[in-house]
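Got your viewer open and your mouse ready? Let's take a walk through this structure, one selection at a time.

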Amino acid sequence: MDLRYTAAEQQFRTELREWLADVLPGLGPEPDREDWDARRAWDTGWQRMLFDAGYAGINWPKEYGGRGATPAEHLIFIEETERARAPYVGMNFVGLLHAGPTLIAEASDEQKAFHLPGILKGEHVWCQGFSEPNAGSDLASLRTRAVRDGDDYVLNGQKIWTSFGHMADYCEMLVRTDPEAPKHKGISWLIVPMNTPGIDIRPLETMEGTAEFCEVFYDDVHVPVANRVGDENDGWRVAMVTLSFERGTALVSDLLVSVELVRDLADLAKSITSHGATRWEDAGLRREIGRIAAEFDALWALTKRNISQAQRTGLVGVGGNVFKLAWTDLRQHMGDVAMRLLDRASLSLDDVANLPTGEHVHGRFYALSMTIAAGTSQVNRNIVGERVLGLPKDR
Ligand SMILES: Cc1cc2nc3c(=O)[nH]c(=O)nc-3n(C[C@H](O)[C@H](O)[C@H](O)COP(=O)(O)OP(=O)(O)OC[C@H]3O[C@@H](n4cnc5c(N)ncnc54)[C@H](O)[C@@H]3O)c2cc1C
């Protein structure tokens, strides 16, 4: 990958920057966290605007409706949208960042033709039904059954931690199609329409007070066999494709948000006074914040490598696991520094003393959740140990 920008790439940046400057002021304020219909309208509306302007699916191949951007243009897109503080993918996270890419890699022509435009235009929101109460890190132990009945599978079981399940139209779901086979060999990857009779969706409230997660119960749910992606019992392999996108390139925008947060943290340190001096005058704290900023820079370099590799090979590979591990560790460290700086204000989720303290407290919770989502740090350490360092297998 040549890291210098060509004239065409500079032109792409200029046009994108102008478009963002033109449309963002008209967007209006972001909806309240708990106003789910408004949040869906906001997220899908932004997606539709990207689609109409030719920016949807920035790195998706042109033949599937994407822009087919080069790795450099993809990075420019992420930089410019973050710089302009444009909306993030929000509820379109699963569809755009891992279900869609999995469909591109693995689905039939009919499945691609139906689903990919719906994701790109913001018409269909997707969720992920992988985890179960006894199958998180050990995902292959999942027990939700899919039994053949003519042209349908009949699903029975329970999923948990299904983000945005209550707002989704489709679910990328793992089911057990052969209970007799070794656990990794009896799984299939299905597209499940969330309005199918027999699906009971119950939102779960987190310690932050929001209900983004759901537990979802499946009771004799009929799903056409034609909705299977990949061969029957080959779903574990397809799931690994999904996870490689989820752990890798899907988190890239979050990295740039973190870079912005380091700046906000420095500003906060300049605003908080203790014993007659601002906290920014503490050389130790400045050094710690500077080091975090430098480490985020290093992760941005790793991201460039991962994106380049994904574009060349269609997959992110273990670089995605390394990125997720390092980024979530660093995000936690940054959160801890913020909590120390905030002192007692860190006990409140709301802003305190007219300072934007709530942002950092929410950020600390988010950092914790990201060490668990899409595979915990311990599990990622196992993967990096085995596949990068060649250490003996965990089990
Ligand atoms: C913000 C967020 C969003 C999520 N969204 C979704 C979603 O949309 N869809 C979905 O399907 N799931 C989702 N999840 C669930 C997520 O994938 C699981 O929480 C995760 O895989 C861990 O599984 P678990 O919670 O069952 O923990 P467990 O697997 O029970 O793990 C408990 C602890 O044991 C450790 N552990 C387990 N096995 C090992 C091992 N072999 N070696 C060392 N340590 C080990 C873990 O690291 C962890 O600390 C989400 C989770 C979060 C936090």
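The tour goes from the ligand to the salt bridges and then to the empty spaces.

Some ground rules: this is a predicted model, where local features need pLDDT of at least 70, side-chain atom pairs count only at pLDDT 80 or more, and totals for chains, interfaces and linings use all residues. Residues are numbered from 1 along each chain as its sequence is written, and side-chain values use heavy atoms, with hydrogens and water left out.

**Stop 1: the ligand**

Select the ligand and show what is around it. It has 18 residues around it, and the closest are Ser 131, Ser 137, Trp 161, Thr 376 and Gln 378. A residue makes that list if one of its heavy atoms lies within 4 Å of the ligand.

Now click on Ser 131: one of its backbone N or O atoms sits 2.7 Å from a ligand oxygen. Phe 130 also brings a polar backbone atom, 3.0 Å from an oxygen atom of the ligand. For a side chain instead, pick Asn 382, where an N or O atom is 3.2 Å from a ligand nitrogen.

**Stop 2: salt bridges**

How many salt bridges does the structure hold? There are 24, each one a side-chain nitrogen of Lys or Arg within 4 Å of a carboxyl oxygen of Asp or Glu.

Select Glu 80 and Arg 13, whose side chains form a salt bridge at 2.7 Å, N to O. Glu 80 belongs to helix 3 and Arg 13 to helix 1 (residues 7-23), so look for partners 67 residues apart that link distant parts of the chain. Helices here are DSSP runs (H or I, at least four residues), numbered from the N terminus. Both Glu 80 and Arg 13 are buried; that means under 20% relative accessible area, while exposed is over 50% and partly exposed is in between (1.4 Å probe, protein chains only).

Next, try Arg 85 and Asp 264, another salt bridge, at 4.0 Å, N to O. Arg 85 is in the loop between helix 3 and helix 4 while Asp 264 is in helix 7, so this pair ties together parts 179 residues apart in sequence. Is each partner buried or exposed? Arg 85 is exposed, at 51% relative accessible area, whereas Asp 264 is buried, at 19%.

Then pick Asp 200 and Arg 202, which meet at 2.9 Å, N to O. Asp 200 is partly exposed at 31% relative accessibility, and Arg 202 is partly exposed at 40%.

**Stop 3: the empty spaces**

On a 1 Å grid over the protein atoms alone, a cavity is a set of points where a 1.4 Å probe fits but cannot get out, a pocket is an open set with protein on both sides within 12 Å along at least five of seven lines, and lining residues have an atom within 4 Å of a point. Points are joined across faces, edges and corners, and volume is the space filled by probe spheres set on them.

The whole structure has two cavities of 30 Å³ or more. The largest cavity has a volume of about 70 Å³; to find it, select lining residues including Leu 261, Met 334 and His 360. Helix 7 (252-271), helix 9 (319-342) and helix 10 (357-370) each supply at least two lining residues.

Finally, visit the second largest pocket, with about 700 Å³ of space. Of its 33 lining residues, Ile 58, Asn 59, Trp 60, His 74 and Leu 97 are the closest to its centre.

Conventions:
Polar contact = N/O pair within 3.5 Å; in protein donor to acceptor, adjacent residues only side chain to side chain.
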